[in-house]
Every structure is written in structure tokens, then in C-alpha cells.
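Thanks, everyone, for making the time. I would like to walk through the empty spaces in this protein, and here is the model on the screen.

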Amino acid sequence: MKFASRIFNLKTKLPKFVDLLVPSLPTPLQEISDTVILRAGIRLFIKRDDLIHPTVSGNKWRKLKYNLQQAKSKGATTLLTFGGAFSNHLYATAAAGKYSGFETIGIVRGENPGEKKSSTLKFCEEHGMKLHYVSREEYKLRNSEDYLSYIKQQFGNPFTIPEGGTSEFALKGVEEMTVEVDQQLGRIPDYYAVAAGTGGTAAGILSAGAHVLAFSALKGGSFLENDILNLGGENDKRGQLKLFTDYHFKGYAKYTQELLDFILMFKKQHGIQLEQVYTGKMLFGLYDLIEKGYFKTGDCIVAVHTGGLQGLLVELKED
């Protein structure tokens, strides 16, 4: 298949991040074209938020931006957050904390794996994050006010960031991404396509007034619809949400050879690396919808590359 790429990288005046955590903004908007897209008569762009920062990449930088500014304004010296052994959010928070002068604590779901720690957890420790392992049952309490109060007392009242960085402060950062896109495109896209784990990125885009196609990375992710809508809250400009739950490939962080083949094909054709946990599933699902005639001729879609490339499988790193 032949393809074409165009990079839209206009200058915008957006707030800078705090301290040493300097992003590359605006991130490029890359138009891609291949036989599937041409046959459908649509336009597809990739918002390259994977290029926003070397280690705090994608939606994690945008979600953490105002969380860290809030922590700083409150005089906090320590950040505490939650995640699993392969959490992009723990990875990003560890790096962001180190670069911005915060101590960091990670509440990790599951038993301490000892020497078998994932590369993500090893990175967190190397960047100064103190890891505290809890049972899966205890981890389910992470959003309980009583449990959060207990955790804050146990760890000296740190500034607490929810799992995935998803909070009101995160939504504000994500909304800024849509400002970039509007300026780069010169219009509002018909749809944004985004992978969904906790739903914060989708909620932030909705709050900005855009229509969102969210692809659950979790098996049984139908609950995300209410989570996303509740996160965004009621407002007059909120866009419309469509959640797809059939592209999880057997569950969170799981995959099949079909998915891996798609990721390798996409990189070969378009020069864009995806990963098997989030962005690969989202683009696979989006292409499936395109081929099934979901979109009408002339529709403009922006798919958000939310980063997370540190979680790549070794075989996907090979050219």
C-alpha cells in the first residue's frame, strides 16, 4: 500500500509546565493515508503526543501538568499515586516527580515480584519512587475516602493523584490538546479516537466539546461509559461519546498475534510505533470501523497517540 504523511506543527501559545519538566509543544499532527482510508473517503490524523516528552509521554504529561502545579501550590513535597506492574502512569509520575523536585510513592497492585520486577517498576525505583505493594482486594479501595485518609496518614499526608492521573486537574490538561488540534487543523475534527483505561483522556476531550470514540483496553470495559461521563460532568458544550468494548484482545495488557501483526504493519506503512496495551488496540479498532463503513465520506478523525511506548514488547521494537 502506498501512503502519504503530512506534519502539521503550528506554533501555539499554551502555558508552560513547571520546573524542569519542559514539553515539546505543540506536538505534531500527522496525516496518514493508505488504501483503507482512501477507499473510505475520510481524513485521518494522528496527534503525536508520544513526542511530548522523552519519559513523561502522551496523555500522562497532560494529565500530570496541573496535578503537579496544584501539589506545588499547596506546598506538598511528596506525590502518591496508584498503578499496576506495567502502569504508564507510575512510570510517568516517577519521572515527573524526579524532574520537578517531588518525592514519589507508588501504591502497586499485587505482591512484590522481587527480582522479577517489570521494567516499568525498575524504572520507577531508579527514579526514586518508593513502591508499596498491596493485595488486589485492598487495591480496590483506592477511591474510597476512608482508605485515602488512611493512606495519607500512613505516608505523611502526601499529595494524592488518582490511578491513571485522572482528576479534574487532568481534564484541564487534556483540553489543551484539543486547542492545539483546532489550531493545527484550522477546524474542529468530526471525531477524536482514543484508547481508554481510566477514561480521563476521553473525558477531557468531551469536556472541550468534541465527539469521542473511546476504545476500552480492558475486558468488560462497559463501565467506562459512566465513568467518562461522570468525570466530565454536565456542561453545555460537552461532546458525544461512543465507547467500543470489543477490541480488548482478551483483556488489559493482553494481546494476540493479529494485534501484533497490525502494529508491525502500521509502523512499516506509516512510520509510527504503537504498543500492544493501548494505542495498538485503539488503531486496530478504528481501522476495523473504517473498513466496515462506520464513517461517512469527508469525515475528519484525529486519533490521539497517548504514548506508553516504554511498555513495548521486545519483538515490536525490532525493525
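Before I come to the linings, one definition: when I name a helix or a strand, I mean a DSSP run, with at least four residues for a helix (H or I) and at least two for a strand (E), numbered from the N terminus. Please also keep in mind that this is a predicted model.

Let me begin with the enclosed space. The structure holds 1 cavity of 30 Å³ or more, and the largest cavity encloses about 40 Å³. Around that cavity we find T55, S57, K60, N88, Y91, A92, G308 and Q310, and α3 provides the largest share of this lining, with 3 residues. By class, the lining of the largest cavity comprises 5 polar residues, 2 nonpolar and 1 charged.

Turning to the open spaces, the largest pocket has a volume of about 980 Å³, and among its 44 lining residues, R142, E163, G164, G197 and T198 lie nearest the centre. Several elements give two or more residues to this lining, including α2 (58-73), α3 (88-100), β8 (191-196) and α9 (224-232). The lining of the largest pocket splits into 19 nonpolar, 17 polar and 8 charged residues.

The second largest pocket, finally, holds about 230 Å³ and has 13 lining residues, with K152, T160, P162, S167 and F169 nearest its centre. Here α6 (145-154), β7 (159-160) and α7 (168-185) each contribute at least two residues, and the classes come out as 5 nonpolar, 4 polar and 4 charged.

Conventions: Residues are numbered from 1 along each chain as its sequence is written. This is a predicted model: local features need pLDDT of at least 70, side-chain atom pairs count only at pLDDT 80 or more; totals for chains, interfaces and linings use all residues. Side-chain values use heavy atoms; hydrogens and water are left out. On a 1 Å grid over the protein atoms alone, a cavity is a set of points where a 1.4 Å probe fits but cannot get out, and a pocket is an open set with protein on both sides within 12 Å along at least five of seven lines; lining residues have an atom within 4 Å of a point. Grid points are joined across faces, edges and corners, and a volume is the space filled by probe spheres set on the points. Ala, Val, Leu, Ile, Met, Phe, Trp, Tyr, Cys and Pro count as nonpolar, Asp, Glu, Lys and Arg as charged, and the others, Gly among them, as polar.
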